[in-house]
Amino acid sequence: MTTLTITLLILACAGYAAAGLLCWRHLRGAPVWPVHAAAGIAVATHLAVLVLTMLEVRSVVIGVGGALSLFAWQAAVLLFLAAWRQPVASLGLVVYPVALLCALAMPLLPGGAEAPTPLDWSLQLHVLLSLVAYGFLTLAAVQAALLSFQDHRLHNHRTAGLNTGLPPLQTMERLMFRLIGIGFALLSLAIVTGAVFLDNPLAQHLAHKTVLSFIAWAFFGILLWGHWRQGWRGRTAIRWTAGGYALLIAAYFGSKMVLELVLGRHW
């Protein structure tokens, strides 16, 4: 990484740290605009780091560290944009610190020994759809975690402190299902493009990713159907969201880490 890239990375990490701390203050009654300002600086400088790094390797196909960094950036930028119109700024308490750690993963986890081969536009579209889908479903999973936290405090009659800074349960649940719906639609497109454009999506080094991704897709599909037809909500919805997200992370990052860091290969 060049000196400019390292400087921008430091600025991005500082912005994420500030945004996370300001989210904590916002939950306790502070205004939200400082969160937006710090998050805006963070996602802008983080994007610059990603662009400069991709220009160096001349490909959107990067190692585990780069994938984590890109994944965290697009989750952070989705939250940054959504927070201007929806009461989701509280998600930054988790998303922005995680984005900080993932941004640092790029120089620390460079990937396998074999250089990645540049992909054509069709496979790059598949990668982009996958990452954006993961971003929306990440926000949904964080929303589910905060929903579980708020639900637990209400059931134990602990309504003071952080709980007063969170939106009402119904609002949080509605936003969670909206995020899941968008993420599910994008994940469906990613699966379709993978089936169409990949030569063999069930090849030995892709089989685990393909199978786990499809199971995660089925999890979210069943959850949306259950919410629509059976009225699933509350703890049932939270458990299904957590299960689907765990499968999704295992499908992408679990498979990628084993493939690149252990076997020294790329997708």
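The following exchange asks why certain words are used for this structure and answers from computed values.

Reader: What kind of model is this, and how are its residues numbered?

Author: This is a predicted model, in which local features need pLDDT of at least 70 and side-chain atom pairs count only at pLDDT 80 or more, while totals for chains, interfaces and linings use all residues. Residues are numbered from 1 along each chain as its sequence is written, and side-chain values use heavy atoms, with hydrogens and water left out.

Reader: What makes up the pattern of the protein chain, helices or strands?

Author: Helices (H or I, at least four residues) and strands (E, at least two) are DSSP runs, numbered from the N terminus. By that rule the protein chain has 8 helices and 0 strands, and its pattern, read along the sequence, is α-α-α-α-α-α-α-α.

Reader: Why is Arg25 called buried, partly exposed or exposed?

Author: The word depends on relative accessible area: under 20% is buried, over 50% is exposed, and partly exposed lies in between, with a 1.4 Å probe and protein chains only. Arg25, which is found in helix H1 (residues 3-27), has a relative accessible area of 52% and is therefore exposed. Its C-alpha is 9.2 Å from that of Val35, which is 10 residues away in sequence.

Reader: Which word fits Leu27, buried or exposed, and why?

Author: Leu27 also belongs to helix H1, but its relative accessibility is 4%, so Leu27 counts as buried. The C-alpha atoms of Leu27 and Leu93 are separated by 9.1 Å, although the two residues are 66 apart along the chain.

Reader: Why does Val94 get the word that it gets?

Author: Val94 lies in helix H4, and because its relative accessibility is 35%, Val94 counts as partly exposed. From Val94 to Cys23 the C-alpha distance is 9.2 Å, with their places 71 residues apart in sequence.

Reader: How do you know whether Cys13 and Cys23 are buried or exposed?

Author: Cys13 has a relative accessible area of 11% and is therefore buried, and Cys23, at 1% relative accessibility, counts as buried as well. A disulfide is a pair of cysteine sulfur atoms within 2.5 Å, and the structure holds 0 disulfides. For the protein chain as a whole, buried residues make up 48% of the 267 residues.

Reader: What makes H1 and H4 roughly parallel or roughly antiparallel?

Author: Two packed helices are described by the angle between their axes and the distance between the axes. Axes are lines fitted to C-alpha atoms, for helices over the stretch in contact, and angles run from 0 to 180 degrees between N-to-C directions. Angles under 35 degrees count as roughly parallel, over 145 as roughly antiparallel, 65 to 115 as roughly perpendicular and the rest as oblique. The axes of H1 and H4 come within 8 Å and cross at roughly 165°, and H1 and H4 are therefore roughly antiparallel to each other. Residues in this contact (heavy atoms within 4.5 Å) include Cys13, Cys23 and Leu27 of H1 and Leu93 of H4.

Reader: How do you know which classes of residue form the contact of H1 with H4?

Author: Ala, Val, Leu, Ile, Met, Phe, Trp, Tyr, Cys and Pro count as nonpolar, Asp, Glu, Lys and Arg as charged, and the others, Gly among them, as polar. On that basis the contact of H1 with H4 has 16 nonpolar, 2 polar and no charged residues.

Reader: What makes H3 roughly parallel or roughly antiparallel to H4?

Author: The axes of helix H3 (residues 64-82) and helix H4 (residues 92-108) come within 7 Å and cross at roughly 150°, which makes H3 roughly antiparallel to H4. The residues of their contact divide into 13 nonpolar, 4 polar and no charged.

Reader: Why is Leu186 called buried or exposed, and which residues does Leu186 contact?

Author: Leu186 has its place in helix H6 (residues 169-197), and because its relative accessibility is 17%, Leu186 counts as buried. Leaving aside neighbours within four places in sequence, Leu186 is in contact with Leu129, Val132, Ala133 and Phe136. The C-alpha atoms of Leu186 and Leu128 are 9.8 Å apart, with 58 residues separating them along the chain.
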